[in-house]
Amino acid sequence: MRIAGKIDIDERDLNEQFVRASGPGGQNVNKVSTAVQLRFHARRCQALNPAVLARLLKIAGNRVTGEGDIVVVAQRYRTQSQNRADARQRSEEHTSELQSR
């Protein structure tokens, strides 16, 4: 995954977990894990220098865990593949602010 248009993030620094989506969704809502929780291990990422890491954690705000992971949950769609793509796209959009600073 690429963030800020210039920093390549190793897939090993990302973790995806499929969970059950909340809210209305028809018959499958309590049976199928379609929502995705994308976790970026920012503090452990070798591609980020300390200054970029500090800005990224500030931009992420309440999406940052105590361990320095940034968590994005996507559950807009009814399929895992759509939610997976949505989570990655939203992660890239959140980090695009790094380019302007």
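Visitor: At the start of α1, which residue has its backbone nitrogen reached by a side-chain oxygen of Asn49?

Guide: Happy to start there, with a reminder that this is a predicted model, where local features need pLDDT of at least 70, side-chain atom pairs count only at pLDDT 80 or more, and totals for chains, interfaces and linings use all residues. Residues are numbered from 1 along each chain as its sequence is written, and side-chain values use heavy atoms, leaving out hydrogens and water. The oxygen of Asn49 comes to within 3.0 Å of the backbone nitrogen of Ala51.

Visitor: Why do the buried residues of α1 sit on the same side?

Guide: Helix α1 spans residues 50-60, and its buried residues (under 20% relative accessible area, 1.4 Å probe, protein chains only) are Val52, Leu53, Leu56, Leu57, Ile59 and Ala60. They share a side of α1 because, judged by the directions from the helix axis to the C-beta atoms, they cover an arc of only 160°.

Visitor: Which residues are exposed on the other side of α1?

Guide: Exposed means over 50% on that scale. Opposite the buried set, the exposed residues are Pro50 and Lys58.

Visitor: Which residue follows α1, with a positive phi?

Guide: Its phi is near 60°. The residue is Gly61.

Visitor: Is His41 buried or exposed?

Guide: His41 belongs to strand β4, residues 35-41. Its relative accessibility is 12%, so His41 counts as buried.

Visitor: What is the length of the polar contact between the side chains of His41 and Asp69?

Guide: Asp69 is among the residues that His41 touches, contact being heavy atoms within 4.5 Å. Their side chains are also joined by a polar contact of 3.2 Å.

Definitions and conventions
Helices (H or I, at least four residues) and strands (E, at least two) are DSSP runs, numbered from the N terminus. A polar contact is a pair of N or O atoms within 3.5 Å; within protein, one must be able to donate a hydrogen and the other to accept it, and residues adjacent in sequence count only if both atoms are side-chain atoms. Lists of a residue's contacts leave out its neighbours within four places in sequence.
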